Amino acid sequence: MKIAFVVLNYKTADSTIESVDSIFKLSVDPSDEVRVLLVDNGSRDGSWEKLNKELGNNPNVLLIKNRKNLGFAGGQSNLKSEVEKYDYACLVNTDAVLAKDWLEKGLQTFKSNPKLAAVGGKAFD
């Protein structure tokens with residue numbers, strides 16, 4: 001199974017790195033392909049450089065830089081052709097740290113009801 005995680009960063013490099021780290025700690029089947037599509041949405045605070053330094057060598061992270069802030073929807077709009085390659089796509093906020101079983105529970109929900117188009121997680125402080 002191929003799973004893409006889309007993360008849109010805007011001036012939040014530290015929390016974005018923590019969020020991406022939590023994605024790679026998820027319980028997944030070893031045969032699953034997990035990839036993070038990480039977009040920097042025109043940050044001008046050094047975020048791009050920090051993300052590139054911390055995550056740029058990870059072959060499972062695709063870093064994309066927008067020249068300017070295109071907003072939430074616009075920042076992700078150039079990913080359509082990339083996301084189509086995956087069985088599932090997960091949108092993850094930069095301040096989200098995912099529980100180890102988050103993906104497993106989400107996939108169980110999808111598989112139990114094939115009419116579902118989206119599921120959401122529960123937020124905890």
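Which element gives the most to the lining of the largest pocket? In this predicted model, the answer is α5, with six residues. The pocket itself holds about 900 Å³ of space. Its lining is made up of 26 residues, and those that lie nearest its centre are L98, W102, G120, G121 and K122. Two elements give two or more residues to this lining, namely β4 (88-92) and α5 (102-112). Sorted by class, the lining has 18 nonpolar residues, alongside four polar and four charged ones. A simple idea helps in picturing such a space: rolling a probe the size of a water molecule over the atoms shows where empty space is left.

The second largest pocket has a volume of about 160 Å³. It is lined by 15 residues, with L8, N9, F72, N93 and T94 the closest to its centre. At least two residues of the lining come from each of β1 (2-9), α3 (71-76) and β4. Here β1 gives the most, with four residues. The make-up by class is seven nonpolar and eight polar residues, with no charged residue in the lining of this second pocket.

Strand β1 is worth following further. It pairs with β2 (33-41) in the parallel sense, over eight bridges. One pair of residues to look for is V7, which stands opposite L38 in β2. As for β2, it is largely enclosed by the rest of the structure, because seven of its nine residues are buried. When viewing strands such as these, it is handy to recall a general pattern: in a regular strand the side chains alternate between the two faces of the sheet.

Another residue of strand β1 is I3. Is I3 buried or exposed? Its relative accessibility is 0%, so I3 counts as buried. Leaving aside neighbours within four places in sequence, I3 is in contact with D32, E33, V34, R35, Y86, Y88, C90, L103 and L107. One of these contacts, C90, shows how the fold brings together parts of the sequence: I3 and C90 are 87 residues apart along the sequence, but their C-alpha atoms are 7.6 Å apart in space.

In the loop between β1 and α1 (13-23) sits K11. Although K11 is not a glycine, it has a positive phi of about 60°. Its relative accessibility is 43%, and so K11 counts as partly exposed, whereas I3 counts as buried.

Helix α2 (residues 47-55) offers a clear example of two faces. Which of its residues are buried? They are S47, W48, L51 and L55. These four cover an arc of only 95° around the axis, which means that they are on the same side of α2. The face turned away from this buried side carries E49 and K53, which are exposed. What covers the buried residues of α2 includes two helix and strand neighbours already met, α1 and β2, together with β1 and β3 (61-66). Strand β1 therefore appears both in the cover of α2 and, because it gives four residues, as the element that gives the most to the lining of the second largest pocket.

Notes: Residues are numbered from 1 along each chain as its sequence is written. This is a predicted model: local features need pLDDT of at least 70, side-chain atom pairs count only at pLDDT 80 or more; totals for chains, interfaces and linings use all residues. Side-chain values use heavy atoms; hydrogens and water are left out. On a 1 Å grid over the protein atoms alone, a cavity is a set of points where a 1.4 Å probe fits but cannot get out, and a pocket is an open set with protein on both sides within 12 Å along at least five of seven lines; lining residues have an atom within 4 Å of a point. Grid points are joined across faces, edges and corners, and a volume is the space filled by probe spheres set on the points. Ala, Val, Leu, Ile, Met, Phe, Trp, Tyr, Cys and Pro count as nonpolar, Asp, Glu, Lys and Arg as charged, and the others, Gly among them, as polar. Buried means under 20% relative accessible area, exposed over 50%, partly exposed in between (1.4 Å probe, protein chains only). The arc is that of the directions from the helix axis to the C-beta atoms. Contact means heavy atoms within 4.5 Å. Two strands pair if DSSP finds at least two bridges between them.
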